[in-house]
Amino acid sequence: MIEFLLKGGPLMWPLFLCSILVLGIFLDRLFYFHRATISVGELMQGLANLIRKRNFAEALHECAGAPGPVARVLHSAVIHHEAGRSELRQIVQEAGQLEMPNLERKISILATIAFVAPLMGFLGTVIGMIEIFTSLSTTGGFTSATELSSGIYMSLLTSASGLAVAIPSYIIYGYLSSRVGMLMHDMERAGIEVVNLLCEENHTGIVDFVPSSSSRVFGGDSK
């Protein structure tokens with residue numbers, strides 16, 4: 001590893017740091033989403049029973065005891081259970097919007113690295129080729145094929161390294177974005193259901209929570 005870093009030129013070190021950053025963000029977000037993911041259907045079933053009994057204190061306790069943004073959105077609605085339907089919808093929407101920065105935190109850095117890393121690699125290759133031709137000009141154009149191929153090999157290392165960093169970064173970015181979409185969907189569906197429960201109007205039962213990112217209430221595309 002150190003040998004490749006030394007042979008590839010100075011831009012190999014920024015690319016290496018980018019790879020460490022990508023790994024750190026991935027582990028951090030993976031841990032966050034693991035903690036934030038709960039069984040929304042079970043939580044809603046328990047809340048439905050408590051809300052129908054008008055036991056709002058216990059309902060608040062259930063929401064506070066559950067981790068993740070969905071539980072916090074539900075908590076914001078239950079704590080204002082006396083509000084009207086339009087006001088509750090606004091409260092739920094604002095609570096969801098407040099959760100978005102935490103959901104999308106650091107993910108945009110992955111997209112930036114996926115875009116910049118190949119450019120850094122290409123720049124390193126261009127610099128390496130310039131050094132090769134500069135060396136040729138100083139020696140009068142006389143050099144062995146072995147030395148020339150060795151110089152080209154070293155200059156191409158940065159391009160390969162840039163792609164090696166960019167491809168996993170983009171894959172991780174897509175995966176984490178899909179996790180954000182699933183949590184946004186859960187927040188939306190839970191918010192709609194808790195408003196129906198609290199208002200006791202046209203309630204048709206607990207919705208089936210199927211992960212989807214097709215609808216958006218709490219903001220734009222996740223990045």
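Which residues make a nonpolar surface patch of about 300 Å²? The patch is made by F115, V116 and L119, and L119 is found in helix α7, which spans residues 107-138. The model is predicted. The points below cover its salt bridges, its aromatic pairs, two contacts between a charge and a ring, and the two sides of one helix.

**Salt bridges**

- The structure holds three salt bridges.
- D28 and R29 meet through their side chains in one of them, with a distance of 3.2 Å from N to O.
- R29 is buried, at 2% relative accessibility, while D28 is partly exposed, at 28%.
- The side chain of D28 also meets that of K106 in a salt bridge, at 3.4 Å from N to O.
- K106 lies in the loop between α6 (85-104) and α7, whereas D28 lies in helix α2, so this pair ties together parts that are 78 residues apart in sequence.
- K106 is partly exposed, with a relative accessible area of 28%.
- E99 forms a salt bridge with R72, and the closest N and O atoms of this pair are 2.8 Å apart.
- Because E99 lies in helix α6 and R72 in helix α5 (residues 69-78), the pair ties together parts that are 27 residues apart in sequence.
- E99 counts as buried at 9% relative accessibility, and R72 counts as partly exposed at 39%.
- D28, R29 and K106 are joined into one network by salt bridges that share partners.

**R29 and two rings**

- R29, a partner of D28 in a salt bridge, also lies over the face of Y32, at 4.5 Å from the ring centre.
- The charged end of R29 sits over the ring of F33 as well, 6.0 Å from the centre of that ring.

**Aromatic pairs**

- A search of the whole structure finds three aromatic pairs, among them W13 with F16 and Y170 with Y173.
- The ring centres of W13 and F16 are 6.5 Å apart and the ring planes stand at 85 degrees, so this pair is edge-to-face; the cut-off for that class is over 60 degrees.
- W13 and F16 are three residues apart in helix α2 (residues 12-36), which means that about one helical turn separates them.
- Both count as partly exposed: W13 has 38% relative accessibility and F16 has 29%.
- The rings of Y170 and Y173 have centres 6.3 Å apart and planes at 40 degrees, so that pair is tilted.
- Y170 and Y173 both lie in helix α8 (residues 145-199), three residues apart, about one turn of the helix.
- An α-helix has 3.6 residues a turn, so residues three or four places apart point the same way.
- Y170 is exposed, with a relative accessible area of 57%, but Y173 is buried, at 15% relative accessibility.

**The two sides of helix α4**

- Helix α4 covers residues 56-65, and its buried residues are F56, A59 and C63.
- These buried residues are on the same side of α4 because they cover an arc of only 55 degrees around the axis.
- The face of α4 turned away from the buried side carries the exposed residues A57, H61, A64 and G65.

Methods: Residues numbered from 1 in each chain as written. Predicted model: local features only at pLDDT ≥ 70, side-chain atom pairs only at ≥ 80, totals over all residues. Heavy atoms only, no water. Buried < 20%, exposed > 50% of the residue type's maximum accessible area, 1.4 Å probe, protein only. Helix = DSSP H or I, 4+ residues; strand = E, 2+ residues; numbered from the N terminus. Arc of directions from axis to C-beta. Phe/Tyr/Trp six-rings, centres within 6.5 Å; stacked < 30°, edge-to-face > 60°. Lys NZ or Arg CZ within 6 Å of the ring centre and 35° of its normal. Patch = residues over 30% accessible without salt bridge, like charges linked within 9 Å, V, L, I, M, F, W, Y side chains within 5 Å. Areas by Shrake-Rupley, 256 points an atom, 1.4 Å probe, with all protein chains shown as cover. Salt bridge = Lys/Arg side-chain N within 4 Å of Asp/Glu carboxyl O.
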